Amino acid sequence: MAGLGRTKIALPSQFASTFCFPRKFAICLPSSGSKGVVFFGDSPYVFLPNVNAAQSLTYTPFIFNRSSSVPMFAKRQFLSEYYIGVKSIKIDQKVVPNINKILLPADKEGFGGTTISTLYPYTILKTSIFKAVTKVFIKASAAWNITRVAGVAPFEVCFSKDNIGSTRLGPAVPTIELVLVNNVGWPIFGANSMVPVKDDVLCLGVLDGGEFLEKSIMMGTYQLENNLLQFDLDSSRLGFSSLLFGRKTSCANFNFTSATAE
């Protein structure tokens, strides 16, 4: 395990100090069974066939969780994590209603907000957000003539593959989009939203974390796969490429013969 948090003892800060490059790193997590890559320092990030994924990055600021009324050990945890600001969620380009917007930013006690996490395989949502998102996703999927079937643990919302087409961006299902505080969108296409659990069943890869979940949204690794993520600690911002399949490459296609690998 490698510590990649925001603290000065984590690898990004240690490497930057030792080798005199910016406090910046990027990760590209592959699909299961493939090898991804972690970059320390700056771009370019060149993937086969000659794709510089840095050109696809969209940026959003990190949000500081400045909780003031929690114990010091909890405050250290909050300060080491990566929070981004989500102000709404869209499905099929329509804003999901009935999400309590008070839950989206972290409160004065440090609870709530949205974190990027590689500790969890799937995105975890606070119960009220989970119910709002899945209700709209189910309705939008029905409009696409996609048939819902019984859930398959740990997933609650599953569908028959019969009427789900295949695209370059994964299964043809409604797109989920996180609308961020600087008015940019992070689209989550079928390859990152739908998990194959049986030969004929796909499930929406989000989990109900309960109403007492510490964060409101915890983005897990499945939703991050084949997305290049650049963590710029000096500028306090996250760069995200969205799904690299759209540029006909993936995280498994890093070009180890390029200048980036030298």
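**Notebook: Leu 119, Thr 123 and the nonpolar cores**

I began with Leu 119, which I found in the loop between strand S9 (114–116) and strand S10 (123–125); I note here that I am working from a predicted model. I then looked up its accessibility, and Leu 119 is exposed, with a relative accessible area of 63%. Checking what lies around it on the surface, I found that Leu 119 makes a nonpolar surface patch of about 440 Å² together with Met 1 and Tyr 120.

Next I turned to Thr 123, whose place is in strand S10. Its relative accessibility is 6%, and because buried means under 20%, Thr 123 counts as buried. Setting aside residues up to four places away in sequence, I listed what Thr 123 touches: Gly 205, Val 206, Leu 207, Ile 217, Met 218, Met 219, Gly 220 and Gln 223. For Gly 220 I also looked up a distance, and its backbone nitrogen lies 3.2 Å from a polar atom of the Thr 123 side chain.

I then went to the interior. The largest nonpolar core has 43 residues, and those with the most contacts inside it are Ile 89, Ile 116, Ile 129, Trp 186, Leu 229 and Phe 231. Helix H3 (residues 127–143) supplies the largest share of this core, 6 residues. A second core, separate from that one, has 13 residues, including Ala 26, Phe 39, Ala 53 and Leu 57.

Last, I followed Phe 231 and left aside its neighbours within four places in sequence; Phe 231 is in contact with Arg 23, Lys 24, Phe 25, Ile 27, Phe 62, Tyr 82, Ile 116, Arg 237 and Leu 238.

How values were computed: Residues numbered from 1 in each chain as written. Predicted model: local features only at pLDDT ≥ 70, side-chain atom pairs only at ≥ 80, totals over all residues. Heavy atoms only, no water. Core = buried A, V, L, I, M, F, W, Y, C linked by side-chain atoms within 4.5 Å. Buried < 20%, exposed > 50% of the residue type's maximum accessible area, 1.4 Å probe, protein only. Helix = DSSP H or I, 4+ residues; strand = E, 2+ residues; numbered from the N terminus. Contact = heavy atoms within 4.5 Å. Patch = residues over 30% accessible without salt bridge, like charges linked within 9 Å, V, L, I, M, F, W, Y side chains within 5 Å. Areas by Shrake-Rupley, 256 points an atom, 1.4 Å probe, with all protein chains shown as cover. Salt bridge = Lys/Arg side-chain N within 4 Å of Asp/Glu carboxyl O. Polar contact = N/O pair within 3.5 Å; in protein donor to acceptor, adjacent residues only side chain to side chain.
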